[in-house]
Amino acid sequence: MDTDSGLLLLRLLSGLLIAAHGVQKVSFLLGGRGLAGGTEEFRHDGFRGGALTALAAGASQIGSGLLLAAGALTPLAAAGAIGVMTVALTVKWPNGLWVQHDGYEYPLVLIGIATALALTGPGRLSADRALGLPYWPSWSAAAAPALGVAGGLAVRALLHRPPSPSPQAPPRSP
């Protein structure tokens with residue numbers, strides 16, 4: 001097998017999984033709980049915005065995942081995937097690394113894969129090459145991960161509600 005076949009496999013696997021997570025957030029397909037379930041998931045994780053937040057997250061995952069799988073607009077696709085997975089990583093951060101404890105292992109792996117694809121490019125077996133798009137300039141490979149992480153952190157800062165302070169028990173009298 002050659003490098004281009006390996007990149008195709010990596011793009012298809014990671015891109016389609018990212019897109020499938022988006023489909024789950026907004027529909028009943030692939031084990032999803034519909035838009036209401038996606039909205040509840042975000043509310044449970046402390047995000048405001050309701051259905052609009054779930055729709056935006058689902059659309060971002062579907063769009064970036066499908067673009068990444070196709071090898072189309074690869075730096076943009078990678079930045080989108082990195083952004084949504086950065087938000088997921090921040091949600092799971094308090095649980096530690098390991099996925100069996102609902103940790104951030106899986107989003108971190110997808111961030112790493114999207115970063116690697118931004119740095120290597122999509123390979124010859126891609127929509128970018130089939131459409132005759134030139135190789136992306138090297139600055140775009142470096143910008144994609146930076147913009148993805150910055151975008152994900154900005155979304156977190158704008159839409160995440162700080163935890164409400166726990167009510168304090170009244171002081172006990174001596």
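Okay, let's start with one residue: glycine 50 is buried, with a relative accessible area of 10%. We call glycine 50 buried because that 10% falls under the 20% cut-off. Keep in mind that this is a predicted model.

So where does glycine 50 sit in the chain? You'll find glycine 50 in helix 3, which covers residues 50-70. And what does glycine 50 touch, once we leave aside neighbours within four places in sequence? The contacts are Thr39 and Arg43. Take threonine 39: from glycine 50 there are 11 residues in sequence, and 5.3 Å in space from C-alpha to C-alpha.

Next up, the nonpolar cores. The largest one has 19 residues, and Leu68, Ala78 and Ala114 touch the most other members. Helix 1 (3-26), helix 4 (74-92) and helix 5 (105-120) each give two or more residues to this core, and helix 4 has the largest share, with eight. Apart from this core there's another, of five residues, including Phe42 and Phe47.

Let's look at leucine 68 a bit longer. Not counting residues up to four places away in sequence, leucine 68 touches, among others, Arg11, Ile18, Ala78 and Ala114.

Last topic: the largest pocket. How much space lies in there? About 910 Å³. The pocket is lined by 41 residues, and Lys25, Gln61, Val84, Val87 and Ala88 lie nearest its centre. Helix 4 turns up again, giving the largest share of that lining with 12 residues. Sorted by class, the lining has 20 nonpolar, 15 polar and six charged residues.

That's my tour, thanks for listening!

How values were computed:
Residues are numbered from 1 along each chain as its sequence is written. This is a predicted model: local features need pLDDT of at least 70, side-chain atom pairs count only at pLDDT 80 or more; totals for chains, interfaces and linings use all residues. Side-chain values use heavy atoms; hydrogens and water are left out. A nonpolar core is a set of buried Ala, Val, Leu, Ile, Met, Phe, Trp, Tyr and Cys residues joined through side-chain atoms within 4.5 Å. Buried means under 20% relative accessible area, exposed over 50%, partly exposed in between (1.4 Å probe, protein chains only). Helices (H or I, at least four residues) and strands (E, at least two) are DSSP runs, numbered from the N terminus. Contact means heavy atoms within 4.5 Å. On a 1 Å grid over the protein atoms alone, a cavity is a set of points where a 1.4 Å probe fits but cannot get out, and a pocket is an open set with protein on both sides within 12 Å along at least five of seven lines; lining residues have an atom within 4 Å of a point. Grid points are joined across faces, edges and corners, and a volume is the space filled by probe spheres set on the points. Ala, Val, Leu, Ile, Met, Phe, Trp, Tyr, Cys and Pro count as nonpolar, Asp, Glu, Lys and Arg as charged, and the others, Gly among them, as polar.
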